[in-house]
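Thank you all for coming. I would like to walk through one model this morning, beginning with a contact to the nucleic acid and then moving to the protein itself.

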Amino acid sequence: MRFSELLAPTLREVPAEAEIASHRLMLRAGLMRKAASGVYTFLPLGYRVLKKIMAIVREEMDAAGAQELMLPIIQPAELWHESGRWFDYGQEMFRLQDRHGREFCLGPTHEEIVTDVVRSEVRSYRQLPLIVYQIQNKYRDEIRPRFGVMRSREFIMKDAYSFDRDQEGLERSYDKMYRAYERIFARLGLKTRAVLADAGAIGGDDNHEFMVIAETGEAEIVYCTECSYAANVERAEAKPEQALPPETEAPPLEAVATPGVRTIAELEAFLSLPASRMIKTLIYRADGNPVAVLVRGDREVNEVKLKRVLGALAVEPADAATVEAVTGAPVGFAGPVGLQGVKVVADLEVPQVADGVTGANKADTHWIHVQYGRDYEADVVADVRVTVAGDACPHCGGRLEAARGIEVGHVFKLGTKYSEALGATYLDETGTERPMIMGCYGIGINRTMAAVIEQNHDERGISWPVSIAPYHVDLIVINPADAPQREAAEALYEKLWQTGIETVLDDRDERAGVKFNDADLIGFPFRVVVGPKSLAQGSVEIKERASGEQHVLGVEEAIEFLRERIAPALGRGGALVESRGGHPGL
RNA sequence: CGGGGCGUGGCGCAGCUUGGUCAGCGCGCCUGCUUUGGGAGCAGGAGGUCGUGAGUUCAAAUCUCACCGCCCCGACCA
């Protein structure tokens with residue numbers, strides 16, 4: 001490809017809308033443009049990267065025995081009614097009607113539709129196990145699209161679905177996919193970490209998220225410094241430290257006037273007591289019903305855990321009117337003592353708070369010397385707080401650390417949730433009808449692209465790993481008006497393509513600085529310069545983007561140098577194909 | 001949806017408080033000449049219903065209201 005013919009509109013200035021590096025660079029390097037909030041057009045360079053990511057995913061899926069198919073994006077509502085998710089998915093689903101008023105959605109995910117095919121076509125244990133996958137656009141009407149392609153409303157996702165006869169089969173399928181994921185992300189040049197995660201609306205039990213560790217990640221994870229435990233904070237268990245029982249019984253309950261003291265911080269200052277002695281009482285609405293949630297004053301409620309503990313579809317903080325109705329006091333003075341007519345959920349740490357402080361359900365008043373068991377009790381005591389760095393590892397007791405991550409992949413053991421809802425069954429050897437045991441395995445393709453940029457960029461631009469670079473080499477002619485330079489570059493350009501090295505020939509009538517800056521911005525792994533300096537000795541200059549390493553080599557040595565470094569990163573076999581594919585210039 | 005902010009040539013912005021030669025600047029784009037190893041110089045040029053619609057006024061980019069779009073924080077999630 002000649003740069004002069006390439007649609008690669010690089011931007012000198014930073015678009016105001018972009019906040020994080022990958023978003024900025026994807027716009028600046030001319031990889032994509034926004035069409036609407038959370039909807040993007042991919043330009044030639046960006047699309048090449050996407051195609052390469054998809055190719056790697058495809059190779060590894062195929063190698064793991066998964067079969068690719070194509071599923072409809074427009075899906076009938078009936079299937080979603082069968083699984084119950086037409087309602088559960090809520091506002092996030094793009095819904096539409098055909099001219100007859102029949103309801104459809106743009107598939108946000110494809111469990112229903114794939115289960116539908118499999119239930120009609122697979123009947124016998126002899127046809128199992130089966131793993132199928134698709135790489136297609138999915139649609140979610142995100143509440144708030146952000147960070148460019150990181151959270152968009154239209155996105156490409158690879159989803160694989162496994163169908164097994166039994167739990168052992170599922171374990172094998174899950175393991176296959178898990179290992180395929182490790183290979184995929186390694187080939188993409190990503191450092192990832194698999195963490196235990198919450199299953200969310202998809203449902204199911206065991207699941208792991210593949211996280212790219214990055215400051216800009218939306219997810220917070222914790223990991224143990226001593227063992228292999230790692231989990232999304234939504235899911236991470238928070239075991240209370242072993243507390244000694246109070247040596248003496250707390251003094252009797254006593255009310256203190258706390259005028260205008262509503263927050264934990266204000267209470268700490270007012271009473272000169274640490275937040276860990278306080279019992280924070282929050283009123284939530286769980287599927288509409290009020291619930292009181294107790295955590296230690298220095299802790300936060302984890303709503304995902306709360307949802308799970310309550311078996312609720314949605315939990316949200318109650319509004320002020322509800323709080324007053326439930327507690328009989330304005331916001332800021334809620335407490336469990338004497339609280340009536342509402343379910344009370346206490347975090348595991350709460351009963352251990354000896355001689356505590358809490359709201360008295362009366363304006364400007366708190367109780368002190370509060371004791372669990374003596375003064376109040378909870379209906380449920382469970383882990384409902386946010387795990388934080390410094391907590392004890394639930395497996396080995398070691399210290400947990402926190403980090404942020406970008407979720408690029410997610411593997412789930414679904415079990416029979418969909419196969420039972422949709423009647424995906426098979427007959428076993430004895431002729432007994434059994435539900436298939438399912439798993440599903442997703443990779444966000446565009447998000448992965450952004451994650452690669454987050455991990456591979458500097459102040460000058462992107463630095464693509466060879467495996468997914470839009471082109472391997474940017475061949476710059478310093479002055480294309482100079483015949484010897486131009487001819488030498490043209491000759492090298494053809495040889496590189498013949499060697500299978502994807503090369504852009506920057507033949508633009510631009511100053512050298514413009515070309516160098518574009519090369520750095522777009523992030524070609526190698527830059528080759530043909531200019532008067534080296535040409536005098538019959539040499540060319542090679543610069544590696546990632547390391548900055550430079551070499552001046554003869555033409556043949558240069559080709560060999562590039563071949564050695566580029567070939568291993570390509571394909572499972574690692575061999576360059578003699579090819580002119582995709583190259584209109586020859 | 002709640003909170004905050006922003007919509008002025010392709011991009012980045014000024015102008016708005018104090019209505020009236022304020023439709024302007026930088027980059028980009030086009031033409032010519034000169035340049036050519038890290039985003040060139042000179043000269044000329046194209047391009048804007050100032051988000052949309054009402055309203056106030058002799059007069060609106062500027063004031064008022066409504067709507068639309070976009071960005072950031074939160075709830076949701078791959």
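Let me start with Ala 16, where a backbone N or O atom lies 3.0 Å from a phosphate oxygen of RNA strand B. Please keep in mind throughout that this is a predicted model. A second contact comes from Lys 34, which has a polar side-chain atom 3.0 Å from a sugar or linking oxygen of RNA strand B, and a third from Arg 146, whose side chain places a polar atom 3.3 Å from a phosphate oxygen of that RNA strand. Turning from single residues to elements, those that give two or more residues to the surface near RNA strand B are β1 (32-36), α13 (512-522), β29 (526-530), α14 (532-535) and β30 (539-544).

Which of these elements gives the most to the surface near RNA strand B? That is α13, with 7 residues.

Taken as a whole, the surroundings of RNA strand B comprise 44 residues, the closest being Arg 151, Glu 407, Arg 447, Arg 460 and Glu 541. On the RNA side, sugar and phosphate account for 50% of the atoms of RNA strand B that come within 4 Å of the protein. If we sort the protein residues on this surface by class, we find 24 charged, 14 nonpolar and 6 polar residues.

Let me now step back to the protein chain. Chain A has 15 helices and 31 strands, and its C-alpha atoms fill a box of roughly 95 × 65 × 50 Å along the principal axes. Of the 586 residues in chain A, 52% are buried. Among the contacts in chain A that join residues at least 6 apart in sequence, 70% are between residues at least 24 apart.

I have picked out two sheets. The first is an open sheet of 3 strands, ordered β13-β19-β18 and paired in the antiparallel sense. At its edges stand β13 (254-257) and β18 (356-359), each of which has a single partner strand, so one side of each is left without a neighbour in the sheet. From one strand to the next the twist averages 30°. The antiparallel pairing between β18 and β19, the latter covering residues 365-370, runs over 3 bridges, and one bridge pair consists of Thr 358 and, in β19, Trp 367.

Strand β19 also holds His 366, and I would like to stay with that residue for a moment. Is His 366 buried or exposed? Its relative accessibility is 3%, and because buried means under 20%, His 366 counts as buried. The side chain of His 366 makes a polar contact of 2.7 Å with the side chain of Thr 258. Leaving aside residues up to four places away in sequence, His 366 touches a set of residues that includes Glu 254, Ala 255 and Val 256, as well as Val 357, Thr 358 and Gly 359. Also among the residues that His 366 touches are Leu 267, Gly 332 and Phe 333.

The second sheet is again open, with 3 strands in the order β4-β6-β5 and antiparallel pairing. Its edge strands, β4 (74-76) and β5 (95-97), each pair on one side only, and the twist averages 40° from one strand to the next. Strand β4 is joined by 3 bridges to β6 (residues 103-106), and the two run antiparallel; within this pairing, Gln 75 has Cys 105 of β6 as its bridge partner.

Note on methods. Residues are numbered from 1 along each chain as its sequence is written. Chains are lettered from A and ligands numbered from 1 in the order in which they are written. This is a predicted model: local features need pLDDT of at least 70, side-chain atom pairs count only at pLDDT 80 or more; totals for chains, interfaces and linings use all residues. Side-chain values use heavy atoms; hydrogens and water are left out. Two strands pair if DSSP finds at least two bridges between them. Helices (H or I, at least four residues) and strands (E, at least two) are DSSP runs, numbered from the N terminus. Axes are lines fitted to C-alpha atoms, for helices over the stretch in contact, and angles run from 0 to 180 degrees between N-to-C directions. A residue is near a molecule or strand if one of its heavy atoms lies within 4 Å of it. A polar contact is a pair of N or O atoms within 3.5 Å; within protein, one must be able to donate a hydrogen and the other to accept it, and residues adjacent in sequence count only if both atoms are side-chain atoms. Ala, Val, Leu, Ile, Met, Phe, Trp, Tyr, Cys and Pro count as nonpolar, Asp, Glu, Lys and Arg as charged, and the others, Gly among them, as polar. Buried means under 20% relative accessible area, exposed over 50%, partly exposed in between (1.4 Å probe, protein chains only). Contact means heavy atoms within 4.5 Å.
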